[in-house]
Structures are given as C-alpha cells and as structure tokens.
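Please open the model in your viewer and keep the selection tool at hand. The stops below tell you what to select next and what is there.

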Amino acid sequence: MAEREWADKDYYADLGVSSSASHDEIKHAYRKIARENHPDKKPGDKAAEAKFKRAAAAYDVVGDEKKRKEYDEFRSMIAHGGFGGPGFSAGGFRGSGQAGARFNVDDIFGQGGGFSADSGLGDLFGGLFGRGGGHRKQGTPSRGADVETEITLDFREAAEGTTMSLQLAGQAPCSQCHGSGAKSGRAATCPDCQGSGFTSEQRGAFGFSAPCTRCGGTGQVIEDPCPSCSGSGTVHRARTITVRIPAGVIDGQKVRLAGQGEAGPNGKPAGDLFVTVHVRPDKVFTRSGDDLEVTVPVSFAELALGDTITVPTLKSPVRVKIPAGTRNGRTLRVRGRGISGGDLLVTVEVNVPSYLDAAATSALRTYAQAERQSGFDPRAGWEGVK
C-alpha cells in the first residue's frame, strides 16, 4: 500500500465499530470478522478473504493502544486541516498569538526529523506508527528501521503459543562506540541550534522553525567519528533473537515486537519487528475463532444407545457423553477446552463397517426386522418421498 493512502483508511469502519469503541469491543469485532471470513472456513471466497485482510490490518492499528492514539490524532489533524496554511514548517507551527508555542508533528508521531516542508505528506505517513518514510531533505531518522519477516508454525504451536529463535541481518549497535557514533563515546552539542534541534526565523507576524541543517534536527554533532561505524553508531551484522509467539495467533496474522527491529543511529531507539505468521493445517483439528473443532468417528450403536467416548484435545484427552438417540453429525460442546479459553466442538460421524462376520450380520438382520416392526421409518417426512 502506498504511504499516501493511509489518510483514506477508516479502520473503525473496517471493523464495524465506532471510533469511541472500547478495546474489548474492537477485539470482539475483529475476532468475529476473522472467525466468519477466515480462508479456512470460506476457501476460494475472494470477498471474504479481502474482508479478513482488511480487518487484520485495522486491528493491527486500532487494536494497539499506542498506535490507536497516534491514528486518532492523525485523523483529527486531517479533519481540521492540520496540514498546510500559513505558519506550517518542517518543525511545526508558530503563530503570533502564541509567542514561543510550537505545534510539533513529531510530538504526535514520535518521528523527529521525519517531515520537511519540501518532502510532502509521504514522509509524514511513512513516519506514522514507525513504518519508515520517503525521501527526506532534512533531518535524520529518530529510530531504527522496522523489519519484517515470516515464520511457519504447526497448528498446535499457533494455538498454544511458542518460543523460537529467529536469524536476522541488519543494522546493530556498533560495539566499539556502543552506538553513540563518537570515538569518545559522547556526542557534542550542536553550536548552531544550541542543542534544540531547530533554528527559528521571524517573518512578519509569524515565527517559523525548521530542523537545524547542521545537526539534522538532533541537537548533537559527532566531532570525532568512530572509525568502525563512520559516526553512524550502527554496523551491519547478523543476530539471533528469541521470539515469543502468543497463543491463539491465526494464519496471516502479524505479530509486532517493539524494539526488535534495526538499531537506531547514534544511540536512538531501535525499530520494530513485524512477524507474519503462517499456520500449517492439522490432521485432526480445525478452528473457528477460539473454538477448537474435531470430528470423531462413532458407531450407530453408540449414537442410538448412548455412550461415553474419549476425545483428543490440544493437551490431555477428555471424556464426552453421547446422549441416547443422538443424530449423526450432531456437534457436542465441551466448555473451556478450545484455544485461549474457547470451547471444544465435537462432531460425531457414523463410521459404517465395511465387513461384518456371520454373528454380527445375523444380529443386525434381527435388529432391522424389529426396527421395521416398531414403525420406524428413516425417511418419514423427507421431501424426497412423494
């Protein structure tokens, strides 16, 4: 998705909730959409797949409290014409009626130096939620780059959660200068902006501010660059991290790991790691939201007479009672034995024997005759009988 398209996204509408919805309401709405439109439940349904993906993208933003706050503030600024007009500059807005007060975009998005007067909205949208930006004519990144990777889990690992190691390659803190970029380990205060990161200019009734061109808006300069990293504070190297995947993730879901992306320049915070999870189908179980589904083969006698059978779960087996007279295909519910507090849904399905010995055949013929004499007709009321 192009960065400029972020302004047109209404994530609340994609989840069918209002912008004032609580976190639990948003979570419930997302799970409902994911459960009803999951590709495993509606294979080949492109419309359902698209709705599923839109809901996942929306929940990734408004389901996270920090991202949601940034997104709401961004929408509010767009709605009130917060971009453009007199007095807007790279660093912020300063009007004559508010001496010394600055409205700084970086305060909202946490991306200092991520927007300049010449760069257009692409850089601002790129900085939204820390997803990188477009061409910057001024400033330096305020954090490291985000990293995306993919993993494939077994069904049970995804349902129960797992811990695994990931091999990544990218920018990491320089070990010689400890990420500062300076040979001495300390950056100096920028003499042009006195450490503020901004230079100011008065034009008539308006005061304008812009990132300092010497320090790039950081307020600091490297006077003795580290020879190992050339003053950047980062070097390219491979690393191994341990990742905890929470229980209940679904196929295609993205897991955000804050601070596990590439290291930021000159000691700035690291970016985030986004892990897209793929889930292998299971031979026994399927899922519907947090409910675990299993189909168990049974005999006709077990349904007709009733019985108690052993049914597998993700952990230990459970005993399930089949009431006498249960119909083939009926689903029995076992509370709390699903995924993340969901239920276990047990569907019973008659398995007809392909061979009967003489004794079984004789007994079954006797039963069939008694069944007819009792007046039972398996096709009574069926529309196919005219």
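In this tour a residue is called buried when its relative accessible area is under 20%, exposed when that area is over 50%, and partly exposed in between, as computed with a 1.4 Å probe on protein chains only. The model is a predicted one, in which local features need pLDDT of at least 70 and side-chain atom pairs count only at pLDDT 80 or more, while totals for chains, interfaces and linings use all residues. Residues are numbered from 1 along each chain as its sequence is written, and side-chain values use heavy atoms, with hydrogens and water left out.

**The whole chain**

Begin by showing the whole chain as a cartoon, in which you can look for nine helices and 15 strands; these are DSSP runs numbered from the N terminus, with helices being H or I runs of at least four residues and strands E runs of at least two. Of the 386 residues of the chain, 38% count as buried. Contact here means heavy atoms within 4.5 Å, and among the contacts in the chain with a separation of 6 or more, 62% are made by residues 24 or more positions apart.

**A cluster of cysteines**

Next select Cys174, Cys177, Cys226 and Cys229, where UniProt, in an unreviewed entry, places the feature "binding site". These residues are spread over 56 residues of sequence and yet cluster in space, with a largest C-alpha distance of 9.0 Å. UniProt positions are given in the numbering used here, feature names are shortened, and annotations may be inferred rather than shown by experiment.

Is Cys226 buried or exposed? Cys226 is buried, because its relative accessible area is 1%, and its place is in the loop between β6 (220–221) and β7 (234–245). Leaving aside neighbours within four places in sequence, Cys226 is in contact with several residues, including Cys174, Cys177 and Lys183. Cys229 is in the loop between β6 and β7 and is buried, with a relative accessible area of 7%. Not counting residues up to four places away in sequence, Cys229 touches Cys174, Cys177, Gly181, Thr234 and Val235.

Now select His178, which lies in the loop between β2 and β3 (188–189). His178 has a positive phi of about 60° although it is not a glycine, and it counts as exposed because its relative accessibility is 69%.

**Met164 on β2**

Move to Met164, which is found in strand β2 (residues 162–173) and is partly exposed, with a relative accessible area of 23%. If you also select Val243, you can see that the C-alpha atoms of Met164 and Val243 are separated by 5.4 Å, although the two residues are 79 residues apart along the chain. Leaving aside neighbours within four places in sequence, Met164 is in contact with Ile151, Leu153, Ile241, Thr242 and Val243.

**The largest pocket**

A pocket is found on a 1 Å grid over the protein atoms alone, as an open set of points where a 1.4 Å probe fits, with protein on both sides within 12 Å along at least five of seven lines, and its lining residues have an atom within 4 Å of a point. Select Tyr30, Ala56, Tyr59, Gln253 and Lys254, which are the closest to the centre of the largest pocket among the 45 residues that line it. Which element gives the largest share of this lining? The largest share, nine residues, comes from α3.

**Strands with alternating faces**

Select β8 (254–257), along which the side chains alternate, with Val255 and Leu257 pointing to one face and buried, while Lys254 and Arg256 point to the other and are not. Four bridges join β8 to strand β9 (residues 273–279), and these strands run antiparallel; in β9, the bridge partner of Lys254 is Thr276. In the loop between β8 and β9 you will find Asn266, which counts as partly exposed at 31% relative accessibility.

Finish with β14 (residues 331–334), where Leu332 and Val334 point to one face and are buried, whereas Thr331 and Arg333 point to the other and are not. Four bridges join β14 to strand β15 (residues 344–350), which run antiparallel, and the bridge partner of Arg333 in β15 is Leu345.

Methods
Two strands pair if DSSP finds at least two bridges between them.
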